[in-house]
Protein chains: 2
Amino acid sequence: MPRRSDARERMVRSAAELLREHGASATSIDLVLAHSGAPRGSVYHHFPGGRTQLIEEAVALSGDFIADLIDAAEPLAVIDKFFALWRRWLVDSDFRAGCPIVSVTVANETPRLAADAFGRWTDGLAASFAEHGVPAARARRLATFVIAAVEGAVVMCRAERSLAPLEAAAGEINELLTHTLRK
Amino acid sequence: MPRRSDARERMVRSAAELLREHGASATSIDLVLAHSGAPRGSVYHHFPGGRTQLIEEAVALSGDFIADLIDAAEPLAVIDKFFALWRRWLVDSDFRAGCPIVSVTVANETPRLAADAFGRWTDGLAASFAEHGVPAARARRLATFVIAAVEGAVVMCRAERSLAPLEAAAGEINELLTHTLRK
DNA sequence: GTCTATACGAAGATAGAC
DNA sequence: GTCTATCTTCGTATAGAC
């Protein structure tokens, strides 16, 4: 028995995982409880805002996690880590899990927080490109493009149950960046 | 009053539209009925397979629609039509509607038909690239990459309520293709 | 912080009348 | 082809005891 309950944190983490695997509308309180093992009785104690608050916190957590991953110096190293993360999530879930931010966006839930996450990722990647000789405007366009390509590739990987689309994106993007970044 | 009922077709079209705007899990029979104006009483007459069959037909219809659009000769013309379609769908829906195939994929509904749709789009685009001097293997990788980038950009556009991500993808892709295709 | 009980609506699906 | 129940399950949310 934990010294103090960690049910709240487990619920947020479960919600984030369920968003990735089942989509936003299917991520119900019941499913989160079953997945996290948290007790029903304290849901509205921990989340007075109900399901909405729970989803919002899961989106914020997921956005932060990837934003932190992107905040590194070397652009090509950042890209590598980015692709490695998606490769792992896809394979570990047998191609059932994708991006939680995409899940809430296509369900038109928490659009504000989704835009926030995409914005921070873009900022981080663009800064990394800019530090390596790419003009600011192009750096931002390139960062947006890279994130879009990866997100789209992840969706295609899930449908096709194969890493091929992600590897296609990795190949094309590496080639593009090799020619664009100042060495 | 129509000579024979067109309720069935209206339901499939409504389902496709609702998939784009509300996601797969939220596209309920009730919502389709309200949107299409079709009568409740004949749902299981037209769709003995219930909601599953209705969603499947909507996915197939949407997949066909875009596959037909892609089956054109000139690669750059195809890309232009592809981007124009998404631009229009995003703006006309005030950034609330995206790709129905993405919707069913992130909800893990009808994965077979989703893979089918992506596959046909990829085939069409790759064939177009190959006819213009791109080696077969690269043509396929490039086609996958382009579709992934567009799909990801559409999701980002919805979150940010802006066409910027789609225009970033359009710019980068046009540049890439200009250098890759045989003139 | 956690429990049980409960209210209420929406969902998918079926049965039988017309 | 369309109608009106009706069944069952699941969803969010609240109330009050412990």
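**Notebook: one glycine, two DNA strands, two cavities**

I began with Gly124(B) and, leaving aside its neighbours within four places in sequence, found it in contact with Ile70(B) and Asp71(B). The model I am reading is a predicted one. Gly124(B) belongs to helix α7 of chain B, residues 111-130. Is Gly124(B) buried or exposed? I have it down as buried, because its relative accessible area is 10%, and buried means under 20%. I also looked up a distance along this chain: Gly124(B) and Ala97(B) are 27 residues apart in sequence, and their C-alpha atoms are separated by 24 Å.

**DNA strand C**

Next I listed what surrounds DNA strand C. There are 13 residues, and the closest are Pro39(A), Gly41(A), His45(A), Asp30(B) and Arg51(B). By class I noted three nonpolar, seven polar and three charged residues on this surface.

Which part of DNA strand C do the atoms within 4 Å of the protein belong to? I read 71% as sugar or phosphate, with the rest in bases.

I then went through single contacts. On the base side, a polar backbone atom of Gly41(A) is 3.1 Å from a base nitrogen of DNA strand C. On the phosphate side, an N or O atom in the side chain of Ser42(A) is 3.2 Å from a phosphate oxygen. Asp30(B) also has a polar side-chain atom 2.8 Å from a phosphate oxygen of this strand. The elements giving two or more residues to the surface near DNA strand C are α3 (43-46) of chain A, with α2 (29-36) and α4 (50-70) of chain B.

**DNA strand D**

I repeated the look-up for DNA strand D. Of the 13 residues around it, Tyr44(A), Arg51(A), Pro39(B), Gly41(B) and His45(B) come nearest. The class count for this surface is three nonpolar, seven polar and three charged. Among the atoms of DNA strand D within 4 Å of the protein, 72% are in sugar or phosphate and the rest in bases.

Which backbone lies 3.1 Å from a base nitrogen of DNA strand D? I found a polar backbone atom of Gly41(B) at that distance. For the phosphates I have two entries. A polar side-chain atom of Ser28(A) sits 3.3 Å from a phosphate oxygen of DNA strand D, and an N or O atom in the side chain of His46(B) is 3.3 Å from a phosphate oxygen of that strand. I noted that α2 (29-36) and α4 (50-70) of chain A, and α3 (43-46) of chain B, each supply at least two residues of this surface.

**Cavities**

How many cavities of 30 Å³ or more does the whole structure hold? My search gave two.

The largest has a volume of about 70 Å³. It is lined by 13 residues, and Gly23(A), Ala24(A), Ser25(A), Ala107(A) and Ser25(B) are the closest to its centre. Helix α6 (100-106) of chain A and α6 (100-106) of chain B are the elements that give two or more residues to this lining. I sorted the lining into six nonpolar, seven polar and no charged residues.

The second largest cavity holds about 30 Å³ of space. I wrote out its lining: Gly98(A), Cys99(A), Val102(A), Glu151(A), Val154(A), Val155(A), Arg158(A) and Val106(B). Which helix gives the most to that lining? I recorded α8 of chain A, residues 136-160, with four residues. The lining of the second largest cavity divides into five nonpolar, one polar and two charged residues.

Key: Residues are numbered from 1 along each chain as its sequence is written. Chains are lettered from A and ligands numbered from 1 in the order in which they are written. This is a predicted model: local features need pLDDT of at least 70, side-chain atom pairs count only at pLDDT 80 or more; totals for chains, interfaces and linings use all residues. Side-chain values use heavy atoms; hydrogens and water are left out. A residue is near a molecule or strand if one of its heavy atoms lies within 4 Å of it. A polar contact is a pair of N or O atoms within 3.5 Å; within protein, one must be able to donate a hydrogen and the other to accept it, and residues adjacent in sequence count only if both atoms are side-chain atoms. Ala, Val, Leu, Ile, Met, Phe, Trp, Tyr, Cys and Pro count as nonpolar, Asp, Glu, Lys and Arg as charged, and the others, Gly among them, as polar. On a 1 Å grid over the protein atoms alone, a cavity is a set of points where a 1.4 Å probe fits but cannot get out, and a pocket is an open set with protein on both sides within 12 Å along at least five of seven lines; lining residues have an atom within 4 Å of a point. Grid points are joined across faces, edges and corners, and a volume is the space filled by probe spheres set on the points. Buried means under 20% relative accessible area, exposed over 50%, partly exposed in between (1.4 Å probe, protein chains only). Contact means heavy atoms within 4.5 Å.
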